[in-house]
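Good morning, colleagues, and thank you for making time for this short presentation. Please take a moment with the sequence and the structure on the screen before I begin.

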Amino acid sequence: ERLLGDGPVQGVTLVVFELQGLAQARRQHGHAAAEGISREFGQRLLDRIRATDRVAQWDDTRFLAVIRGTIKDAVARTSKIHFWLEGRYPIASPYGATYAEINVAVRYLDPLPGEARSAFLARVDQPEPQPAADAGAA
């Protein structure tokens, strides 16, 4: 939030990384295993983000990256990161090594002209708009 400032948000793009498979790992292996996966994911993300950008865990399954620049800059910098984040995450088990398969959905949010920080961050929790159906389709 500090990076976004108090006035209208400008000059940054918010990248939402959503872990897919974490809920299943929690059901199969427990809360502690899911927490371990979240910590590992966060560390992997931090290792790939520039020092001038910021990362925070938003909720159980989502992390946010605040990337300085336009949405085009954010896509260029994070499109390859996505592949470093997906894959197998180790889970400690008394029965030996086991893994959870985690996929990652990525969404980019650009601030609207004059948009306040609170409104910009509130859009993280709104469903992604779906493209309008083709009016000419039967």
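I should like to start with E115, which counts as buried because its relative accessibility is 8%, under the limit of 20%. Please bear in mind throughout that this is a predicted model. E115 is found in the loop between β5 and α5. What does the side chain of E115 have beside it? A polar atom of that side chain lies 2.9 Å from the backbone nitrogen of L112.

The loop between β5 and α5 also contains D110, with α5 covering residues 117–122. D110 is partly exposed, at a relative accessible area of 30%. Leaving aside residues up to four places away in sequence, D110 touches V12, T13, T70, I71, E115, F120 and R123. With T13 there is a polar contact between the side chains, at 3.0 Å. I would also point out K72, which is 38 residues from D110 along the chain, while the C-alpha atoms of the two are separated by 9.9 Å.

Let me turn to the sheet. It is open and has five strands, in the order β2-β3-β1-β5-β4, with antiparallel pairing. Which strands form the edges? They are β2, residues 54–57, and β4, residues 87–91, and each of them pairs on one side only. On average, neighbouring strands in this sheet are turned by 30° against each other, with direction ignored.

Two helices pack on this sheet. Helix α1, residues 22–29, touches β1 (12–20), β4 and β5 (98–109), and its direction makes about 155° with that of β5. Helix α2, residues 31–48, touches β1, β2, β3, β4 and β5, and its direction makes about 130° with that of β4.

At one edge of the sheet, β2 runs antiparallel to β3, residues 62–68, and four bridges join the two strands. Within this pair, V55 stands opposite A65 in β3.

I come now to the charged side chains. How many salt bridges does the structure hold? There are six, and I shall describe some of them.

One lies within helix α2. E40 and R44 form a salt bridge in which the closest N and O atoms are 3.1 Å apart. Why are these two residues about one helical turn apart? The reason is that they are four residues apart in helix α2. The partners differ in exposure class: E40 is partly exposed, with a relative accessible area of 34%, whereas R44 counts as buried at 18%.

Another salt bridge joins the side chains of D53 and R50, at 3.1 Å from N to O. Here D53 is the buried partner, at 6% relative accessibility, and R50 is partly exposed, at 37%. These two residues do not stand alone, for R50, D53 and R77 are linked in a network of salt bridges.

The last example is the salt bridge between D125 and R62, whose closest N and O atoms are 2.6 Å apart. This pair links distant parts of the chain: D125 belongs to the segment after α5 and R62 to strand β3, 63 residues apart. Is each partner buried or partly exposed? D125 counts as partly exposed, at 47% relative accessibility, while R62 is buried, with a relative accessible area of 13%.

That concludes my remarks, and I thank you for your attention.

Definitions and conventions. Residues numbered from 1 in each chain as written. Predicted model: local features only at pLDDT ≥ 70, side-chain atom pairs only at ≥ 80, totals over all residues. Heavy atoms only, no water. Pairing = 2+ DSSP bridges. Axes fitted to C-alpha atoms, helices over the stretch in contact; angles between N-to-C directions. Contact = heavy atoms within 4.5 Å. Buried < 20%, exposed > 50% of the residue type's maximum accessible area, 1.4 Å probe, protein only. Polar contact = N/O pair within 3.5 Å; in protein donor to acceptor, adjacent residues only side chain to side chain. Salt bridge = Lys/Arg side-chain N within 4 Å of Asp/Glu carboxyl O.
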